[in-house]
Amino acid sequence: MRLLSLSIDLDEIPCYTAIHGLPMPEESAARAVYQRAVPRFEALFDELGARGTFFAVGQDLKEEHAAAAIARLHAAGHEIGNHSFHHRYDLTRRDAETIRRDIADGSAAIAAVTGQAPLGFRAPGYTVTDTLLEQASALGVSYDSSVFPCPPYYGAKALALWAITLRGRTSHSVLDTPRVLTAPTDPYRIGAHYTQRGEGLLELPIGVTSLASGQLPFIGTSVALSSERTARWLARRIAHRPLVNFELHGIDLCDAELDGLSFLAPHQVDLRRSLEHKRRSLLAAVRELLDTGYEIVTLAEAASRF
Ligand SMILES: [Zn+2]
């Protein structure tokens with residue numbers, strides 16, 4: 001099996017100002033993901049002749065421009081996944097009832113726009129717990145796609161959070177337990193602990209390269225920051241997997257200058273690359289995988305095959 005899924009987390013710009021402890025952006029910048037990046041992803045998928053999975057944050061859909069974008073994506077055959085209602089980075093630290101409500105509200109907000117409850121769930125900030133996944137499962141979620149067993153990412157995130165603390169600011173981000181690094185790197189059913197195999201909810205882990213190449217992150221940020229050559233190299237290091245779960249963010253197709261996001265560029269390294277550079281590197285990685293026989297499917301379609 002050689003399936004490739006491209007999923008895009010639609011974290012809007014205020015999510016990033018919250019991570020970095022910065023003030024709220026102005027309105028046009030605050031909508032850059034839905035108004036600027038989403039149309040670019042639609043064009044990219046049309047170019048590839050394929051469909052993707054867009055994970056929406058429920059509360060964003062109260063705004064007309066965001067709801068219209070989701071309706072358009074759904075009508076064009078893209079999958080809409082649930083990225084929680086509030087996108088709280090500390091969701092896993094809340095009690096079970098608060099977690100349940102956040103997942104349920106996220107699902108309801110999407111269903112109100114598309115007429116269909118989403119099948120998949122992705123937790124904010126790649127952070128899950130057994131409690132969270134039990135709640136998701138009880139709510140009838142078909143698959144989860146949040147587990148990211150990536151040592152380099154884990155180390156970098158720990159370091160970044162420490163740096164933010166040292167600068168005297170407060171980040172809203174939360175680190176997962178290091179046990180996540182022992183989780184399976186290919187699709188599995190969750191067991192007694194979410195990092196173990198069992199008979200529970202289907203987990204589609206986020207892409208990492210082979211163990212021999214250091215389980216490097218194969219996600220939008222790392223690929224978009226790479227040259228086209230390195231992007232193709234990364235793609236070859238993940239091309240043994242039955243499912244390449246290529247997770248991107250809306251901001252991956254944002255441009256600091258074109259989209260009025262220069263204020264965020266000192267904090268957000270991917271905004272220091274031009275849109276054109278990032279688009280070319282992402283396409284190079286995807287084309288490398290297509291050349292080795294991968295077929296692009298939505299995550300829901302991938303889930304149905306495992
Ligand atoms: Zn997110």
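Student: Which residues does F246 touch, not counting residues up to four places away in sequence?

Tutor: In this predicted model, F246 touches L4, S5, L6, S7, F218, I219, G220, V223, L282 and V286, with residues up to four places away in sequence left out.

Student: Which residues touch the most other members of the largest nonpolar core?

Tutor: They are L4, Y34, F218, F246 and L289, in a core of 56 residues. Two of these, L4 and F218, also appear among the residues that F246 touches.

Student: Which helix gives the largest share of this core?

Tutor: Helix α3, residues 32-48, supplies the largest share, with 9 residues.

Student: And how many residues are in the other core?

Tutor: The other core has 18 residues and lies apart from the largest one. Its members include L91, V128, A183 and Y188. As a general point, nonpolar side chains in soluble globular proteins tend to be buried together.

Student: Changing topic, what are the protein donors of the zinc ion?

Tutor: D11 is listed with two OD entries, and H83 and H87 each donate through NE2. These donors lie 2.1 to 2.4 Å from the zinc ion. Along the chain they follow the spacing D-x71-H-x3-H.

Student: Where in the chain are D11 and H87?

Tutor: D11 is in the loop between β1 (3-9) and α1 (13-19), while H87 is in the loop between β3 (79-82) and α5 (96-114). The pair is 76 residues apart and links distant parts of the chain.

Student: Are D11 and H87 buried or exposed?

Tutor: Both D11 and H87 are buried.

Student: What is the site of the zinc ion like, in terms of angles?

Tutor: The site is irregular, with angles of 57 to 142° among its 4 donor atoms. Four donors count as tetrahedral if all angles lie between 85 and 135 degrees, so the range of 57 to 142° does not meet that condition.

Student: Next, where is T209?

Tutor: T209 is in the loop between β7 (197-203) and α8 (220-225).

Student: Why does T209 count as buried?

Tutor: T209 counts as buried because its relative accessible area is 0%, and buried means under 20%.

Student: What does the side chain of T209 reach?

Tutor: The side chain of T209 reaches the backbone nitrogen of L216 at 2.8 Å. Leaving aside neighbours within four places in sequence, T209 is in contact with Q215, L216, L234, R237, I238 and R241.

Student: Last one: is L166 buried or exposed, and where is L166?

Tutor: L166 counts as exposed because its relative accessibility is 60%. L166 is in helix α7, residues 151-166.

Note on methods. Residues numbered from 1 in each chain as written. Predicted model: local features only at pLDDT ≥ 70, side-chain atom pairs only at ≥ 80, totals over all residues. Heavy atoms only, no water. Helix = DSSP H or I, 4+ residues; strand = E, 2+ residues; numbered from the N terminus. Buried < 20%, exposed > 50% of the residue type's maximum accessible area, 1.4 Å probe, protein only. Polar contact = N/O pair within 3.5 Å; in protein donor to acceptor, adjacent residues only side chain to side chain. Contact = heavy atoms within 4.5 Å. Donors = N, O, S within 2.8 Å, 3.2 Å for Na, K, Ca; no water. Tetrahedral: all angles 85-135°; square planar, octahedral: opposite > 155°, others 65-115°. Core = buried A, V, L, I, M, F, W, Y, C linked by side-chain atoms within 4.5 Å.
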